[in-house]
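The exercises below are meant to be worked with the sequence and the coordinates open side by side. Each task is followed by a solution that goes step by step.

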Amino acid sequence: MRVGVFICHCGSNIAGTVDVARVAAEARKIPGVAFATNYMYTCSEPGQDEIKAAIKRENLDRIVVAACSPRMHENTFRKTIQKAGLNKYFLEMANIREHIAWIGNDKELNTEKAIDAVSMAIAKVMQNKPLHATSFKINKRVLVIGGGVAGMQAALDCADGGLDVVLVEKSPAVGGIMARLDKTFPTIDCSICILGPKMVDVGQHEKIKLFAYSEIEEIKGYIGNYQIKIRKKATYVDWEKCTGCGLCMEKCPSKNSYDYFNFGVAPTKAINIPFPQAIPKKAKIDPNYCRQFLKGKCGVCAKICPTGAINYEMKDEIVTEEVGAIVVATGYGLLDQNILTEYGGTRYPDVISGIQYERLLNASGPTSGHIERPSDHTEPKTIVFVSCAGSRDKSIGVPYCSGFCCMYIAKQAILTKDHIPDSQSYVFYMDIRSPGKGYDEFTRRAQEEYGAQYIRGRVSKIYPKGKKMIVRGADTLLGTQVEIEADLVVLATAAIAAEGAAEMAEKLHISYDTFGFYVESHPKLRPVETNTSGVFLAGACQGPKDIPSSVGQGSAAAAKVLSLFSRDMLESDPAIAQVNTNACVGCLKCLKTCPFQAIVEDTLRSGKKVAKVIETVCAGCGVCTSTCPCGAIQLQHFTDNQLLSEVSAICQM
Amino acid sequence: MDALNLTEKTDWTFIEQFKKESGDNPSLCYQCGNCTAGCPYTHYFDYPVSMIMRLLQTGQKETILNSKAIWLCATCETCTTRCPCEIDVAHVMDVLRHIARRENKVAEKGVKSFYDSFLKSVKLFSRMYEVGMIMIYMLRYGYMLSAAKLGMDIGPKFLTRGKLSFFPHELMGNAEVARIFKKYRKMEKERAKK
């Protein structure tokens, strides 16, 4: 065996605190090492050429590169030695940058530690076996979870690229938050007018199979081959028959249902179509408010429906779809206003959230676009907007900036002046965050042209006085306390993770941060990938985002899926678990502990029961290896012998 | 007005001294003004409390220690409750008061004397004795008029509701209270030595 060792300087990153020449000299003394050297940038093209040349010249058959984390460059060097004719698993990396050079300043100690790390890698590489990847077919269908603007964009781009798309939306219609907005910043174009065509496309595209009012029940499988169970929630209306005529909604006697689409600004009927432009435009019964469900008699909708679509006996239905990749676009939620007790929570009807105000502004909203106070339906003249209602507030666990509130408040202030010319808007803000194309000019316009009074300071409390709401805050630029007698107060409530985001992440095996937002694979360079290959992110489920960013990410996720599906076969990682059937006693503990359901029971011809690993499902996590009481199941490339050789190398030092 | 030369006039030692003594971190403040917005006494302050926080961040020792605001703060803790950055603002004001007292900078002598009278009465009678405290405030510190006015204003109401008694209350544990005072004095002396 002839091992070649390459110690990288990484400029001064490693060489600054590690004596790389000494590490190479020490490596040369280890039995089995035929060649050792140090090099300025091993990952550079000349650095790689040096490795290839040394393999030929010195007749090397195992390579150790002591450099950065294998997460950075393991693939680079695997390809390098593959090009020189070696099996790519004959490479070991010693991480002497992140694990050594970056964390200590003592050059002497660092050098000792680096020598240890390198000798461990040498011991391991000598135990390495050649491994060969197998390839498997990709199912070129894609699942998009969430039908907001990001999910729709991803679905449309994938479908236009020729892929079959399964789009699952939790609520009865696609469109998400954007479908509820009145106008969009900074152009003041009508939200539903620009979103509507996309929604229609989604509904009509022959490549898109839309499951509205459905949720993901279970996800099984791996990149290229997922089995998805989708729960189609009971709507109590046969959507095959429903024409969306709206007669049922007109006649329904139960008028006090909570209107989820309008965020409870006004009640709706127990059977309803959420909004006029809904896709699919189908009715649905809310059994929490329907008299047929509550009292067992009514049946008005069943009598009136011209197509006989009403079915009170309908049950949830589970359907299975098979896909090869998943785009997660589950969006975000809004902070519960009740947490903001100093603003009265939801006690005062005239203190509402930004999204509720949006519905009041909207022509298709409950007030047909007339701004009125929820308490007495009069037109407000003094409107106060409170930014950061919960955002940037460590004390309630939302230390981050929600990102888009500054902009939508400016928009709402402008629209308010448009709707009620003799009104006066006040905006309490801490900082105006408007870093987008045309954004800052827009917030200036709200002040310069539309006369919104911007007050730099937070609001401490809101309380009623007669018909008015008193807003007490600070103007830190004046250095004084201020009070405004408002007719209506609009809170820019913080953007938070969507309801059930954590549970969804568990189903998908992806990570989420403290706040429930999904974590991308790299914050700069892999913004739509997750750490689970085959699962991509789009939109605000990854963090608060405005419409342009969500759309951009939707398209980016689609591009990732299309490039993944540009191949017919995928290579599986051979570093997976393997069962030695001679040693296996068939206890099947591994089957129970495997987090990926990759192990099944198998019977040999002799009748002996053993565990069997499904190669394509195994993720190579190694849980089974540490569970097995008789060492029969071994993770390839990380076998007990390989790991123990590393241990004995470090113990002999 | 001359520009404030922050290179020369930032008292970094004062900032460090404050941090060490209080355990509070003024850098956490992002100047939202919520403390000022909720403060019931801000109208009497020379600097609103958010500005005291800013002065503290910029190490303006003299301005802070000579301010009336730190003495007029009633420690109602509305600021502490509302602060989104979880700063105990009332405690910040309290510590600043302590530092000012040690450096003999008292912008509101009446307030300081009132505190002293309160402590004196507790030291003498081991618990709050209102009439005694007023007497000390009047006789020892000479606030005859304001104390008399206070007595006239609230005295009758308090008396009829049994909130004032002419004689000090009997109390168990006088020795323990005395020990608290002694221990505090000792701590103060040790701090002075350092």
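Helices here are DSSP runs of H or I with at least four residues, strands are DSSP runs of E with at least two, and both are numbered from the N terminus. The model to which these terms are applied is a predicted one.

**Exercise 1. Describe the overall build of chain B, from its secondary structure to its domains.**

Step 1. Counting the elements of chain B gives 12 helices and zero strands, and reading along the sequence one therefore meets the pattern α-α-α-α-α-α-α-α-α-α-α-α, given that a strand would need a DSSP run of E.

Step 2. The chain is divided into domain 1 (6–102) and domain 2 (109–193), and the C-alpha centres of these two domains of chain B are 27 Å apart.

Step 3. Along the principal axes, the C-alpha atoms of chain B occupy a box of roughly 55 × 40 × 30 Å. Of the 194 residues in chain B, 29% are buried, and among contacts in the chain with a separation of 6 or more, 58% are between residues 24 or more positions apart.

**Exercise 2. Determine which helices of chain B supply at least two residues each to the side that touches chain A, and characterise that side by residue class.**

Step 1. The contact involves 18 residues of chain B and 18 residues of chain A.

Step 2. On the side of chain B, helix H3 (34–38) and helix H4 (49–57) each supply at least two residues, and H3(B) gives the most, with four residues.

Step 3. Sorted by class, this side of chain B holds nine nonpolar, seven polar and two charged residues.

Step 4. H4(B) can be followed further, since its buried residues are B:Val49, B:Ser50, B:Met51, B:Ile52, B:Met53 and B:Leu56. Just after this helix, B:Gly59 adopts a positive phi of about 65°.

**Exercise 3. Work out the strand order of the five-stranded open sheet in chain A, and explain what is particular to its edges.**

Step 1. The order is S18-S25-S19-S20-S21, and the pairing is parallel.

Step 2. Strand S18 (351–353) and strand S21 (453–456) of chain A each have a single partner strand, so one side of each is left without a neighbour in the sheet, and these two stand at the edges. Direction ignored, neighbouring strands of the sheet are turned by 25° against each other on average.

Step 3. Within the sheet, strand S19 (residues 382–389) and strand S20 (residues 424–429) of chain A pair in the parallel sense over five bridges, and A:Ile383 has A:Ser425 in S20(A) as its bridge partner.

**Exercise 4. Compare the settings of A:Cys388 and A:Gln597: is each residue buried or exposed?**

Step 1. A:Cys388, which is not a glycine, has a positive phi near 50°, and A:Gln597, also not a glycine, has a positive phi of about 50°.

Step 2. A:Cys388 is found in strand S19 of chain A, whereas A:Gln597 is placed in the loop between helix H16 (589–593) and strand S30 (599–603) of chain A.

Step 3. The cut-offs are 20 or more other C-beta atoms within 10 Å for a buried residue and 12 or fewer for an exposed one. A:Cys388 has 26 and is therefore buried, while A:Gln597 has 12 C-beta neighbours inside 10 Å and therefore counts as exposed.

**Exercise 5. Locate the cis peptide bonds that precede A:Pro186 and A:Pro280.**

Step 1. The bond from A:Phe185 to A:Pro186 is cis, with omega near -10°, and A:Pro186 lies in the loop between strand S8 (183–184) and strand S9 (189–190) of chain A.

Step 2. A:Ile279 and A:Pro280 are likewise joined by a cis peptide bond, with omega about -5°, and A:Pro280 belongs to the loop between strand S13 (271–272) and strand S14 (284–285) of chain A.

**Exercise 6. Describe how helix H5 (residues 107–127) and helix H18 (residues 640–652) of chain A pack.**

Step 1. The two helices pack at an angle of about 145°, with their axes 8 Å apart, and their crossing is right-handed.

Step 2. The residues of H5(A) that take part include A:Met120 and A:Ala123, and those of H18(A) include A:Ser645 and A:Ala649. By class, the contact has four nonpolar, five polar and three charged residues.

Conventions: Residues numbered from 1 in each chain as written. Chains lettered and ligands numbered in written order. Predicted model: local features only at pLDDT ≥ 70, side-chain atom pairs only at ≥ 80, totals over all residues. Contact = placed C-beta atoms within 7 Å. Nonpolar A, V, L, I, M, F, W, Y, C, P; charged D, E, K, R; others polar. Axes fitted to C-alpha atoms, helices over the stretch in contact; angles between N-to-C directions. Left-handed = near helix turned anticlockwise from the far one by under 90°. Domains from an automatic or database assignment. Pairing = 2+ DSSP bridges.
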